[in-house]
Structures are given as C-alpha cells and as structure tokens.
Amino acid sequence: QVQLVESGGGLVQAGGSLRLSCVASGSFFSIHAMGWYRQAPGKQRELVATITSGGSTNYADSVKGRFTISRDNAKNTVYLQMNSLKPEDTAVYYCHTNRQTGPLRRTDYWGQGTQVTVSS
C-alpha cells in the first residue's frame, strides 16, 4: 500500500509561482516513476508531468517551459515547480504513481489533491 500526501497549493495571482510537494509512504520510492495530474471543474483529469526513476521528464504541452517536475529520493518526495501561472492552470492537482501489486496486476495510487487557484 502506498500513500501519497500533497501540499503546497493555494491562491496566487497570474504570473506568480507555487511549488507543490508530494510525499510517498513505503519503500522503493526511488525505483518508481511519479507524476502530477490536474482536474479543473467540469473537465477530465489530465496529465501535467511525469518523472521516471532515472530522472527523465515529460510534460503536457500546456505547461512546457513553465513547470518543472523533480524528485528527492532521500525524502521520498516529488515536486512540481510552477512558474508563470495562468488562470487556466486553476485545478486540483494530484500526485500519482503506478505500482505492480501482483504477478499480473498493477495499481494506481493517488493523493488527496491540492487546490491551485490562479486569479487574473
């Protein structure tokens, strides 16, 4: 069982910055990919960024050049640095990981979410 706890959300003006953190419980954090997703009201949850165990990153086109995902394996923590925030970045942001939980089974784990609101 993996628990993910996000923090760092809040209200910020357009052009501002926030840094989200996600602490993962359990062992072997360093060997698993981690990701950030977001869900705005009335919209589907969408991928924001991912980072592999080796540190390779991937971003949604809408956040490239503005957001940076990183990880600190010693702290079992993944971060999302968000700069140049726009009102359309307003959403609940979720931390995610996917783990093998059986010979033929994988399980998605999600945090409780943290609200990010960007005012214009």
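**Exercise 1.** In this predicted model, determine which residues Ser21 is in contact with, leaving aside its neighbours within four places in sequence.

*Solution.* Step 1: Locate the residue; Ser21 belongs to strand β3, which covers residues 18-24. Step 2: Set aside the neighbours within four places in sequence; the contacts of Ser21 are then Val5, Glu6, Ser7, Trp36, Thr77, Val78 and Tyr79.

**Exercise 2.** Decide whether Ser21 is buried, partly exposed or exposed, and do likewise for Ser84.

*Solution.* Step 1: Recall the cut-offs: buried means under 20% relative accessible area, and exposed means over 50%. Step 2: Ser21 has a relative accessibility of 14%, so this residue counts as buried. Step 3: Ser84 has a relative accessible area of 41%, and is therefore partly exposed.

**Exercise 3.** Examine the sign of phi at Asn76 and at Ser84, and state where each residue lies.

*Solution.* Step 1: Most residues other than glycine have a negative phi. Step 2: Asn76 has a positive phi, near 50°, and is placed in the loop between β7 (67-72) and β8 (77-82). Step 3: Ser84 also has a positive phi, near 50°; its loop runs between β8 and β9 (91-102).

**Exercise 4.** Describe the protein as a whole by its strands and helices and its radius of gyration.

*Solution.* Step 1: The protein contains 11 strands and zero helices. Step 2: Its radius of gyration is 14 Å, close to the 14 Å given by the globule rule for 120 residues, so the protein is as compact as a globular protein of that length. Step 3: Of the 120 residues, 41% are buried.

Note on methods:
Residues are numbered from 1 along each chain as its sequence is written. This is a predicted model: local features need pLDDT of at least 70, side-chain atom pairs count only at pLDDT 80 or more; totals for chains, interfaces and linings use all residues. Side-chain values use heavy atoms; hydrogens and water are left out. Helices (H or I, at least four residues) and strands (E, at least two) are DSSP runs, numbered from the N terminus. Buried means under 20% relative accessible area, exposed over 50%, partly exposed in between (1.4 Å probe, protein chains only). Contact means heavy atoms within 4.5 Å. The radius of gyration is taken over C-alpha atoms; the globule rule is 2.2 Å times the number of residues to the power 0.38.
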